[in-house]
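Me: I am new to this structure, and I would like to learn how to read it one feature at a time. Could we begin with the strands and then turn to the ligand?

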Amino acid sequence: MKISIYGTGYVGLIAGVCFANIGHKILCYDVDQERINNLKLGKSVLYEQDFDKLLANALEKDNIYFTTNIEAAACFSNIHMMCVGTPSLNDGSANLTYLFSAVENLVFHSTEPTLIIIKSTVPVGTSILISNKVKELLLERKEIVSIDVVSCPEFLAQGEAVHNFMHPNRIIIGSDNLLAFEKVREIYEPIVRSQKGEAPPVLCMSPSSAELSKYASNLFLACKISFMNELSRIAEFTGANITEVINGMVSDKRIGPAMSHPGCGFGGSCFPKDLKALIHQSEINNYTPQLLHAVLDVNINQKKYFIERVFSLFNFDVKNKTIAIWGLAFKPNTDDLRESISCELVEELLVGGAIVQAYDPVAGNNAKKKFQSFKNFIICKSKEEALDKADLLAVMTEWPEFFCIDTELLKHSMNSPILFDGRNMYDPQEIKKSGVSYFAVGIGYIPANSPETLSNDN
Ligand code: UDX
């Protein structure tokens, strides 16, 4: 099948290369000329496992093309997938400018029956708004052509996007039109049939239900993380150990271990943005979503708390202190810095006059650009280099290479061996025994060789 894809961000590109690899013919459109030029040459524009390989393969098989010409995209096929960004505006609402602009341009050139599939995460009711807009535009053009609008939200997570796309948990198709539903189901048919285990369900529902399902899934996961983070604060002042508590919970199959790791808060391009968007949509409809507010507030407080604990160690004066940072990306296996808690900490440290020595396996270049105005920001080539004469080490992203920690090196290289664990990655007892001071949410601060530590050891 021939499909035009609008937007070459995470969702558009992953969908494009994955569909091209299962045999569809894809044309990806974007306004960003440099990005399109790079993609045409098979150059990597995002860090994602298997992506480069799949892009090269799709180009070689002549299954994927790239363009900045919207007319070419409109004429390439009669299936059009909208994957443009919907970033947060100041009031928390989703910015739909790019989506409407792509649809308007597409309709302007449409002369044949057309299917518009909305993959971008959009406020509930957007498919209906788009549908009405399409009718209005066709009326203006005095064009009689059938254009259907379907919602088909994407559930991929960065760092595992290709795998998520090729092995979906479910496919949701929001449409009131059976023919349109069948067309989208047909696009996914090879993916559904290729699953070795149970095939994922293909769920047909109304466009608004599909749009709300996307928010509901993301926000439920965000809620689970905020719940664990709130518990971690309670564990700290009650003397419970959060890791033990969570282990006690997640062995209940109804709860499960996924998305239950406490830490310095969640970031990324989805959870914070989607929370704000659904809160905004509720409030303009005179409903106060108390739980969603709480999920967002707990997250804001969690990162504030972690950052404050770092600063409190220096009596809130970090000037000329050297801080080592391991991990800058908002999660492992991506170079994405959007809503990264690590970057928030780094920025506060830099503004406070600290010298930041940071290391990230892949996000270093992006961070260099982000903090280019700060002379006191140093990107290091290795996690070991970042430790040199540091007064504190904060581990902010759970990259696999950080799980292996040489506490002897910490003691040898740092001015003072203090470890702040933003992702609850280490065994506090082991770190304590090694003579390194340790802090993690839900565990609290354990100074090395404190009397309490010694008596606990005995
Ligand atoms: C999320 C959803 O998982 C995905 O289904 C949806 O399509 C897009 O939004 P993503 O933002 O890429 O994906 O990453 P995810 O793995 O969900 O992590 C989001 C944030 O939560 C990260 O900052 C991560 O560090 C944090 N997190 C995750 C926790 O703090 N604890 C956890 O247990 C899991």
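**Strands, then the ligand**

Reply: In this predicted model, strand S7 (residues 171-174) and strand S8 (residues 202-205) run parallel and are joined by 4 bridges. One of the pairings can be named, since Ile171 has Val202 as its bridge partner in S8.

Me: By what route does the chain cross from S7 to S8, and what is the handedness of this crossover?

Reply: The chain leaves S7, passes through helix H8 (residues 178-193) and arrives at S8, forming a β-α-β crossover that is right-handed.

Me: Are the residues on the two faces of S7 buried or exposed?

Reply: A residue is called buried when its relative accessible area is under 20%. In S7, Ile171 and Ile173 on one side are buried, as are Ile172 and Gly174 on the other, and both faces of the strand are thus covered.

Me: Which residues come nearest to the ligand?

Reply: The ligand has 18 residues around it, and those that come nearest are Leu156, Gln158, His261, Gly267 and Lys331. By kind, the shell divides into 9 nonpolar, 5 polar and 4 charged residues, and helix H9 (residues 207-238) gives the most to it, with 3 residues.

Me: Which backbone atoms lie close to oxygen atoms of the ligand, within the 3.5 Å used for a polar contact?

Reply: A polar backbone atom of Phe155 is 2.8 Å from an oxygen atom of the ligand, and a polar backbone atom of Gln158 is likewise 2.8 Å from a ligand oxygen. For Ser260, a backbone N or O atom lies 3.1 Å from an oxygen atom of the ligand. Taken alone, the ligand exposes 670 Å², of which the protein buries 91%.

Terms used: Residues numbered from 1 in each chain as written. Predicted model: local features only at pLDDT ≥ 70, side-chain atom pairs only at ≥ 80, totals over all residues. Heavy atoms only, no water. Buried < 20%, exposed > 50% of the residue type's maximum accessible area, 1.4 Å probe, protein only. Pairing = 2+ DSSP bridges. Right-handed = clockwise from strand over helix to strand, strands pointing away. Near = heavy atom within 4 Å. Polar contact = N/O pair within 3.5 Å; in protein donor to acceptor, adjacent residues only side chain to side chain. Areas by Shrake-Rupley, 256 points an atom, 1.4 Å probe, with all protein chains shown as cover. Nonpolar A, V, L, I, M, F, W, Y, C, P; charged D, E, K, R; others polar.
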